[in-house]
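Let's take a quick tour of this protein model, from what's tucked inside to what shows on the outside. Have a look at the picture first.

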Amino acid sequence: MRILGVPRAGLRDVYHWLLGVPWWAALGGIVLAYLALNALFAVVYLLVGGVANAAPGSFLDAFFFSVQTMGTIGYGSMYPATRAANAVVVAESVAGLLATALATGLVFARFSQTRARVIFSSRVAIGPFDGVPTLMIRVGNERHGRIVDASFRLTLQRTTRTAEGVPFYRSTDLALVRERATALARSWTVLHRLADGSPLARDTPESVAAADVELTLAVIGTDETSLQPVHAQHTWMAGSIVWGARLADILTETPDGKLVIVDLALFHELAPTEPVAGFPYRAGERIDPR
């Protein structure tokens with residue numbers, strides 16, 4: 001989706017942007033800002049002068065003196081010798097104090113954040129489940145810990161037309177067999193029955209594709225390690241919905257029944273189902289996960 005007409009955020013959202021970008025981008029931004037600030041004060045020192053033992057007109061000497069001042073290193077080989085230079089040192093010390101506080105706060109905020117590592121099945125399966133056509137999505141926590149008191153919300157979006165013939169992008173919540181999980185570990189199956197009353201009850205693969213259907217699953221819970229709230233969501237387009245299939249089994253037991261094996265290599269795999277009354281669809285024998 002391409003959005004037009006958005007006003008420029010300017011510097012108002014720099015902090016939010018730094019919290020959202022990858023670590024390498026955030027640290028790179030801090031380093032570039034630090035170097036740019038020192039370069040700015042180096043230019044001021046060149047204009048004002050008064051730095052003892054600095055080569056006349058040397059930007060590098062002025063830059064190194066600025067770094068020593070802002071970092072409170074103070075080797076002593078170069079020092080301010082005039083009132084103007086001392087005034088610039090005072091201004092740079094204040095600016096360095098503020099910059100260090102902002103950078104420290106940003107790094108701490110990023111370290112204190114707990115980002116969810118929730119994995120979603122690459123495709124949505126629709127097939128018979130207990131004799132009822134059911135939409136199935138697999139979701140799991142990629143971390144070793146659990147997400148406690150997890151809640152799920154599945155939303156259907158489709159393109160419709162109003163009575164006046166105006167295209168309208170309509171969003172509808174889909175009722176789930178279970179909307180909450182005591183703990184979300186490696187695998188959980190989200191189920192929606194295509195029974196009477198379901199927005200998908202009378203749909204077909206062709207109607208779903210024609211209406212540009214999208215499915216969005218949101219997961220909200222509490223990370224049991226950090227005790228912080230976490231959330232994640234994923235969207236599937238109509239092409240990712242497979243009719244006449246179910247999620248492949250990832251749980252097996254040892255012959256003695258004492259150990260349950262979870263095969264995460266099958267997390268995204270689907271298996272074909274047999275047609276039943278009212279649901280004539282059957283996917284291919286081999287369902288390519290790509």
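A quick bit of vocabulary: helices are DSSP runs of H or I with at least four residues, numbered from the N terminus. Keep in mind that this is a predicted model. With that in hand, here's a nonpolar patch on the surface, and its largest share, 4 residues, comes from α2.

**The surface patch**
- Val43, Leu46, Leu47, Val48, Phe59, Leu60 and Phe64 make up this nonpolar patch, and together they have about 640 Å² of accessible area.
- Two elements, α2 (23-48) and α3 (59-70), each give two or more residues to the patch.
- Leucine 60 sits in helix α3. Its relative accessible area is 52%, so leucine 60 counts as exposed, because exposed means over 50%.

**Helix α2**
- With 26 residues at 1.5 Å a residue, α2 should span 38 Å, and its end C-alpha atoms are indeed 38 Å apart, so the two agree.
- Its buried residues are Ala25, Ala26, Asn38, Phe41, Ala42 and Tyr45.
- Covering those buried residues are elements including α1 (14-20), β1 (51-52), α3 and α4 (83-112).
- After α2 comes glycine 49, with a positive phi near 75°.

**The inside**
- The largest nonpolar core has 32 residues, and Leu135, Val139, Phe152, Leu215 and Leu217 have the most contacts inside it.
- Strand β6 (residues 147-161) is the top contributor to this core, giving 5 residues.
- Another core, of 11 residues, lies apart from that one, and among its members are Ala42, Ala62, Phe63 and Met70.
- Beyond its neighbours within four places in sequence, phenylalanine 152 touches residues including Val139, Leu176, Trp188, Val190 and Leu217.

Methods: Residues numbered from 1 in each chain as written. Predicted model: local features only at pLDDT ≥ 70, side-chain atom pairs only at ≥ 80, totals over all residues. Heavy atoms only, no water. Core = buried A, V, L, I, M, F, W, Y, C linked by side-chain atoms within 4.5 Å. Buried < 20%, exposed > 50% of the residue type's maximum accessible area, 1.4 Å probe, protein only. Contact = heavy atoms within 4.5 Å. Patch = residues over 30% accessible without salt bridge, like charges linked within 9 Å, V, L, I, M, F, W, Y side chains within 5 Å. Areas by Shrake-Rupley, 256 points an atom, 1.4 Å probe, with all protein chains shown as cover. Salt bridge = Lys/Arg side-chain N within 4 Å of Asp/Glu carboxyl O. Expected span 1.5 Å × (residues − 1).
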